[in-house]
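Thanks for coming. I will go through one model this morning, with the sequence and the structure on the screen.

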Amino acid sequence: MKSMDCLRNGLPAALAAGLWAVCAPAGAQSTAVLSADHTTPGDVVTYGMGYSQQRFSPLKQINARTVSRLVPVWAMGTNNSLGDEAQPLVSGGMMYYTTGKSTYAVDALTGRMAWKHELEYGPDIGRAALSGQVNRGPALYEGKLFRTTLDAQVLALDAKTGKELWKSKSADYKQGYSMSVAPLVANGVLITGIGCGEHGGRGYIEAWDPETGKQLWRKYTIPAPGEPGSETWPEGDAWTRGGGPAWLTGSYDPALDLVFWGVGNASPWNAQDRRGDNLYTASVLAMRPKTGEVVWYYQFTPNDTFDFDGNNELVQADILVAGKPRKVVMQANRNGFLYVLDRVSGELLAANAFTRQTWAEGIDMKTGRPVETAAVKKMRETGDWVTVAPAAFGGKNWNPMSFSPATGLLYANVLDNEWDYRPAKQPYEAGAPYIAMEAKWRFDQKAGGALKALDPVTGKAKWQHPWTIASFSGTLATAGDLVFTGNMTGEFAAFHAGTGQKLWSFQTSSGIVSQPITWEHGGRQYVTVASGIGTVYLFFAGDERLATVPPGGTLWTFALMP
Ligand code: CA
Ligand code: CA
């Protein structure tokens, strides 16, 4: 098969399109191919299964009627016990997958490895990668695979051979900078964001020349004195260690030529010595990919003190809001509110709670600002303990939701948790964790949250499937009326998108904290998901019910029994 398919590279595009070239030509991941990803189920070449990150597939061979015949067709160990969180990509017959230290290319139909690339890290890497030594996936563009590294470098490999083409250093990991983000290639520019929110760094989003690895621009998420937004940092040099990480992949609208990228918490979490709104922390930036120019921004949580971040995925859709068709971008924020913004202008269209939250009375739709509760205001004034939901784990964590244009619903694994919190004093030390608070986490052993089918405009659930242990798995929606997701004890399951009825499940090898995809080849639909337990919940929540879940990653691919 390989030698034959290699020959097809020389064929006219129209002829080759029906085939599946194992030796994918460079043009296999052109800007046009990336832009069309959501409409071409034969490959998955973008994070989010399309630039809009809907994670929706038009495939329906596997559907509510047939899913009971879904069985594994191959599995491949990933030699990783630190959490498998990446989204695989499929292109030219290959599946590409990353962990914190490894990059794999495997034959998508058989699971046999074609090549692997291993990274080496210093023994002190765990201090910078405080939230987990993970990677969220590769990017592909014109025959090259791009990934980020825990020691804050960006790497380009030859997608055919795994040969290293270039490596560019973004920051010094010993100063508390780290990268796990799946890169985004938008308008020919390779874009990455930095992690630094728990180390008193100064966050940024930056762009690289995919061909050479030369840095094209860097946009700091915290303005320097004199720059627009610097007036929201009135306290001395607080801005220099002000956080604003950008550790999840933005979405892209090629028609508007805008990238939507989430910015995380201000640093440290204690806000008493960094008064002001602290732009552009806990915000979304709408940016031009060629220049990094910010066209509009919206701040979810001014002066964030609970690590609500703002990094969660930004899903685009064209939906009706108050009877009018709107181009929107949506985020289920860790602060418990589901935001719907006009993605052309940044106008706030809706912001409703999608889970239990007790820190705000609501979002003022005139100002776009949260109205904090009296208890939170008192904590800010006195430094006393306050009990709020959600805790820093959030109403929803990083694991992505999906959107089905068929049902108009968002499918998200929603969390339900709270904590007792108070600010504390902590001196800043370069490179060390810098959080400055005390917390008592509280997890109700019966209430782990739920898989919810959410109306984006009201935040209300059309249906929900409760979890007794919080789920940190992404979701996948399909035209076959299905929603796929996983849970921490390793069950991979399919639910009816309209009713929430559980239709199928399979016990995988470990806990699922990753991002399922679906794709097809030769008239057969496949579903792929990584199983390999990890996440901040596993490492920080102390949930004894997870003690018996075997660690270690495996990439699973399923299809209908013939
Ligand atoms: Ca595609
Ligand atoms: Ca954070």
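I start with Phe-506, which is partly exposed, with a relative accessible area of 22%. Please keep in mind that this is a predicted model.

Which residue does the ring of Phe-506 pair with? The partner is Trp-556: the ring centres are 5.3 Å apart and the planes stand at 65 degrees, so the pair is edge-to-face. Trp-556 has a relative accessibility of 14%, under the 20% limit, and therefore counts as buried. Phe-506 belongs to strand 35, residues 502-507, and Trp-556 to strand 38, so this contact ties together parts that are 50 residues apart in sequence. The structure holds 35 aromatic pairs.

There is also an aromatic cluster to point out. Its members include Trp-269, Phe-306, Phe-308, Trp-419, Tyr-421 and Tyr-537.

Next, the nonpolar cores. The largest has 79 residues, and within this core Ile-191 and Phe-484 touch the most other members. Strand 38, residues 554-560, supplies the largest share of that core, 5 residues. A second core, separate from it, has 29 residues, among them Ala-360, Val-386, Trp-419 and Tyr-421. Trp-419 and Tyr-421 also belong to the aromatic cluster I just mentioned.

Back to Ile-191, and to its strand. Strand 12 covers residues 189-193, and 5 of its 5 residues are buried. Val-189, Ile-191 and Gly-193 point one way, while Leu-190 and Thr-192 point the other way.

What does strand 12 pair with? One partner is strand 11, residues 184-186, in the antiparallel sense over 3 bridges; here Val-185 is bridged to Leu-190. The other pairing I want to show is with strand 13, residues 204-208, again antiparallel, over 4 bridges. In that pairing Gly-193 has Ile-205 as its bridge partner.

Strands 11 and 12 form a hairpin with 2 residues between them. Asn-187 sits in that turn with a positive phi of about 50 degrees, although Asn-187 is not a glycine. Its relative accessibility is 25%, so Asn-187 counts as partly exposed.

Some backbone geometry, then. Most residues other than glycine have a negative phi, and most peptide bonds are trans. Besides Asn-187, I would point to Asp-307, where phi is positive and near 55 degrees. Asp-307 is in the loop between strand 18, residues 294-299, and strand 19, residues 315-321. Is Asp-307 buried or exposed? At 7% relative accessibility, Asp-307 counts as buried.

Where are the cis peptide bonds I want to show? One joins Leu-279 and Tyr-280, with omega at about 0 degrees, and Tyr-280 is in the loop between strand 16, residues 258-263, and strand 17, residues 283-287. Another joins Ala-389 and Pro-390, with omega at about -5 degrees. Pro-390 is in the loop between strand 25, residues 386-388, and strand 26, residues 402-404.

Last, the cavities. The structure holds 3 cavities of 30 Å³ or more, and the largest has a volume of about 80 Å³. It is lined by 15 residues, of which Asp-416, Phe-443, Gly-448, Ala-470 and Tyr-537 are the closest to its centre. The lining of this largest cavity divides into 8 nonpolar, 4 polar and 3 charged residues. Tyr-537 also appears in the aromatic cluster from earlier.

That is what I have; I will take questions now.

Definitions and conventions: Residues numbered from 1 in each chain as written. Chains lettered and ligands numbered in written order. Predicted model: local features only at pLDDT ≥ 70, side-chain atom pairs only at ≥ 80, totals over all residues. Heavy atoms only, no water. 1 Å grid on protein atoms, 1.4 Å probe; cavity = no way out; pocket = protein on both sides within 12 Å on 5 of 7 lines; lining within 4 Å. Points joined across faces, edges and corners; volume = space filled by probe spheres on them. Nonpolar A, V, L, I, M, F, W, Y, C, P; charged D, E, K, R; others polar. Buried < 20%, exposed > 50% of the residue type's maximum accessible area, 1.4 Å probe, protein only. Pairing = 2+ DSSP bridges. Core = buried A, V, L, I, M, F, W, Y, C linked by side-chain atoms within 4.5 Å. Phe/Tyr/Trp six-rings, centres within 6.5 Å; stacked < 30°, edge-to-face > 60°.
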